[in-house]
Amino acid sequence: MCVLRLPVVAAWRLALRALLCLLALAAAAGLAGARAAQAAQQADPDAQALAAQAQARFARWIEPPVVQLWPPGLAEREAGSGLRALIQQQHGQAVQALLALTADPAQAAAARRALHRLARVGNAAPAEALLQAQAQALRQRGPGGAREAAAARRHALALRELPAAFWLAMNPTGQAQPMLEVRRTGLFGDSASDPARNQAERGLREALQLDPTDAAAWLLWVALPQRQPSAADWQQALAAAQASGDWRLLAAVHDQAAQAWLRQGDAAAAREAQALAQQVLLQAQAQPLAGVTPRDASLALGRSAAWHAAAGDAAEAARLWRSVLAQRQRLADTRRDDVALGLDLASAHRALALLPALDAQARQRHDLTSFQIYESLAARDRYKPSTDEASWAGMATTFVVFASLATLLGGLVLLLMYRWRVGRWMARAASAPVPVAAAGWGVQAATVQLRSAVAAVSGPVADVRWAASAVHLLAGVALASVAAWLSLDFGDIAITPLRFAVVGWAYLLGTGVLLWLLWAGERRVQWALLAGYLGGLALLCLLAGLRGTPAMALAGITVPGWATLLVFWGMAALPYLLLVLLLNRQVRSVGPVLMLAVVLACLGGVVAQVASSSYAGMRGMAALASEWGLSFVVMQLGIFLAGALAALPLVALAAWALHVADRRGWINDVSLLADTVWLFQALVLCKSLAFDVGRDGVLGLLAFAAAKAVALAGGLLLRWRARRQPARRLLLLRVFGDRRRSERLFDSLRARWAWAGPVRMIAAPDLAGRTLGPAELIDFVTFRLRRHFLIEPAQVAPRLAALSDAPDLGGLYTVDELFCGNDAWQPAVRALMQASDLVVMDLRSFNADRLGCRYELGALLDTVPASRVLLLVDGSTVLPLLEGTLAEHARALPPGSPNLPGPATFTLLQAAPDDADTVRAVMAIARTMPAAGATRR
């Protein structure tokens, strides 16, 4: 027996009670409506415009544009039309309740701000919190405020939890939701599988406890997905709907009951409930004030036809759908501009195409007509993207991850190609042979001595990196402060010292990564940085525990209050894994520049994909796929690549800007790393803020601007300080063969010496990847690397004259690597020796099998005082062979050699296992050496 069937004996009693309840409910609704209308009239026009915008945004979400609908699922989607109308009605009431709060001076500011978030980006969290607070305040008034408290609680649910919980019921086709109002629903709910439904169920239970006569709450309660209402629930829902006098609610209760009984296999009860739903609609049509539209009748008849089809009565379903089709055709003919009526007509044709009672030809005809109607409607907005704005941030994030991986792999390949190209150009010979002076005439002999450098090292040497670290730390604090303020303020979180410190500490992690890279090789400093950062995090967790931070439920696990900070820190630190990939030692020299180019190209690809998602774009792709026989995946990839190619002018502009900045000393390796880290953080912040404030999330770039302003001010100070000291020019020579060892020494030496003066070398494939700057990289990929090579010996002097001895912005000197052909490297190395204040020659692995550096040893005796030469040796250096090579060349020195008459005493430095210790010794020795060529810059 159907539980909705009313006993005949008690009909008059129920009618009397329903009449009394209806009068009381009408009086209360009239009073509440009058108050709401009065409050809405008192609301300022800006708030009213925001309310209208919020309702329009939700309407676009619940009834999306035609291009965002799936044509084959139109008939199935129509089954959820009743629930969609109910949820949209509840959302509209919630927005009006929020608008009424703007007339309350105590809540006006918060209500306007919540409306702004809801209207601009669909972020319902502030509005939901405000309505929940109002429900709590009304509840404390006692029984008199229970009904209003129940309505406020239901309104709070209508903004997020109800749309999320009923999504699949409203859209049986299961298409992907655009993630507007429901993007954060149930992030930390009780159930990881369906948190939105659990939250909606708890909220509706609270509302019904406050007001058991709330008809809308009862309808939502019995219609809640994945829940089996009891017989008492159905009886109370029916009684509340009848008492409300709202025919829509009453018809919806009967309609939901029909679907429930059909699922449970009770066909008789389902048929009776369906008939009652139709009877309610017919009675409402007879009342002029009921507000029944022809479309309402058409949709109700369509639901009845769908019910008969689901019950297996194909013949009755076909008869009803033909009647529905005739009605909808008349409505569509009278209002051709109404998109909703056009979709209803296409849905009716699609439903007939799915009925097995029709012959195949008729079904095919209806299917074709349905698709033609859909196309005619979609063509009205042929250039409107089908992808929603809310998904663009996710697409951009996905492609940033793709760009990071592409940068890593592309950087490795690019460096291999660059080293190979450098080796090929080094083998180029000059057009004319280089004259070599005859030995034996006009030469003199000298003696050579070797001494240990232990006695020359005395006391520590000041490290300029401490000053640079202070500047970058201040810049990082500026970024973290702005980011913390924006995150808390835009997230409607009260700013307290502890919260500000926690959020700021998470954003300070990027600066910690930068300082770690700045002190590469200095393990003691790096471990101190790590200990300091983790110690600060532990202190914040301790303070959170002492202040009684509440526990948090995460995926069914209760996280203590003090550990919630670790959860947040872990979520904030996750993006920095990409930085670890991009700024690792192997691709650090090309990572920032290549990342910029790949991100810009990926941005063009994202724009192309968004544009191609429009009706016109889809038609174009379908035509091309049919013409060329390509799959959808291949077409999407082609669209992305086409967009990336279209963005090449923007990439070229960015490359030109970097090239100019590098040449003029506006950027250097450290500043480029800093800009990469801070810009990466700012973009992550923008993406996070976009979920709260939409397009205003671009304000996250203010964090980068703050850090850059502090870095520029500090860079000017560091450059002024560097100019007050004499620049010491260092020439690094080495035995070729062990690339990894040479890279480690060069990294440590550059990280320390580049703050004291320029570092110069003769280029070779072993260190080509370490010295690759933005200008060289851009010239390499644009096939202009030839301009960096010295093939003719006559090119050496002009190139040396063009080298700068002035510090860049930030106080860092350049690292110059001369690319020489086969016949130009000898005059180039002699010219560099004469222009250097200290020559460090790495003679590790110098033995009888590696004598390629004998020319450099002889040139040192010819052109550089031995007091300004430091020979780096270890156990692999054959010292007797080294001493014999020097002594042999010393027997025939040119008359102008600074090592005559001798003895020429060369300093030997025993290399330490740690390259950082070796470099510290080099710096200490350099302090004791004369700076004959050093000048103030």
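Is Arg 153 buried or exposed? In this predicted model, Arg 153 is buried, with a relative accessible area of 11%. That residue makes a convenient doorway into the structure, and a short overview of the whole chain helps to set the scene.

The protein folds into 38 helices and twelve strands. Of its 937 residues, 50% count as buried. Among the contacts with a separation of 6 or more, 78% are made by residues 24 or more positions apart. The protein exposes about 43,100 Å², and 63% of this area is supplied by carbon and sulfur atoms.

Turning to charged side chains, a general point is worth keeping in mind: side chains of opposite charge can pair when their charged atoms come close. The count of salt bridges in the model comes to 29. One of these joins the side chains of Arg 153 and Glu 206, with N and O 2.8 Å apart. The two partners come from distant parts of the chain, 53 residues apart: Arg 153 belongs to helix H7 (residues 146-159), while Glu 206 belongs to helix H10 (residues 195-210). Their surroundings can be set side by side. Arg 153 is buried at 11%, whereas Glu 206 has a relative accessibility of 30% and is therefore classed as partly exposed.

Further salt bridges are found elsewhere in the chain. Arg 335 pairs with Asp 338, and their closest N and O atoms are 2.8 Å apart. Asp 842 and Arg 844 form another salt bridge, with 2.9 Å between the closest N and O atoms. For this second pair, burial can be given for each partner. Arg 844 has a relative accessibility of 5%, so this residue counts as buried. Asp 842, at 2%, is buried as well, because the cut-off for burial is under 20%. Salt bridges also join into a network, which links Arg 729, Arg 760, Asp 805, Asp 816 and Asp 837.

Aromatic side chains supply a further set of links, and the count comes to eight aromatic pairs. One of them brings together Trp 505 and Tyr 533 in a stacked arrangement, with 5.2 Å from centre to centre and 15° between the planes. Trp 505 sits in helix H21 (residues 497-507) and Tyr 533 in helix H23 (residues 523-546), so this pair ties together parts of the chain that are 28 residues apart in sequence. In terms of accessibility, Trp 505 is partly exposed, with a relative accessible area of 23%, whereas Tyr 533 is buried, at 11%.

Helix H23 also takes part in a pairing of two tryptophans. The rings of Trp 516 and Trp 527 have centres 6.2 Å apart and planes at 85°, which means that the pair is edge-to-face. Trp 516 lies in helix H22 (residues 509-518) and Trp 527 in helix H23, so parts eleven residues apart in sequence are tied together by this pair. Trp 516 is partly exposed, with a relative accessible area of 31%. Trp 527 is exposed, with a value of 55%.

What do ring pairs link into a cluster? The members are Phe 58, Trp 61 and Trp 167.

Key
Residues are numbered from 1 along each chain as its sequence is written. This is a predicted model: local features need pLDDT of at least 70, side-chain atom pairs count only at pLDDT 80 or more; totals for chains, interfaces and linings use all residues. Side-chain values use heavy atoms; hydrogens and water are left out. A salt bridge is a side-chain nitrogen of Lys or Arg within 4 Å of a carboxyl oxygen of Asp or Glu. Helices (H or I, at least four residues) and strands (E, at least two) are DSSP runs, numbered from the N terminus. Buried means under 20% relative accessible area, exposed over 50%, partly exposed in between (1.4 Å probe, protein chains only). Rings of Phe, Tyr and Trp (its six-membered ring) pair if their centres lie within 6.5 Å; planes under 30 degrees apart count as stacked, over 60 as edge-to-face and the rest as tilted. Contact means heavy atoms within 4.5 Å. Accessible areas come from the Shrake-Rupley method with a 1.4 Å probe; for residues, only the protein chains shown count as cover.
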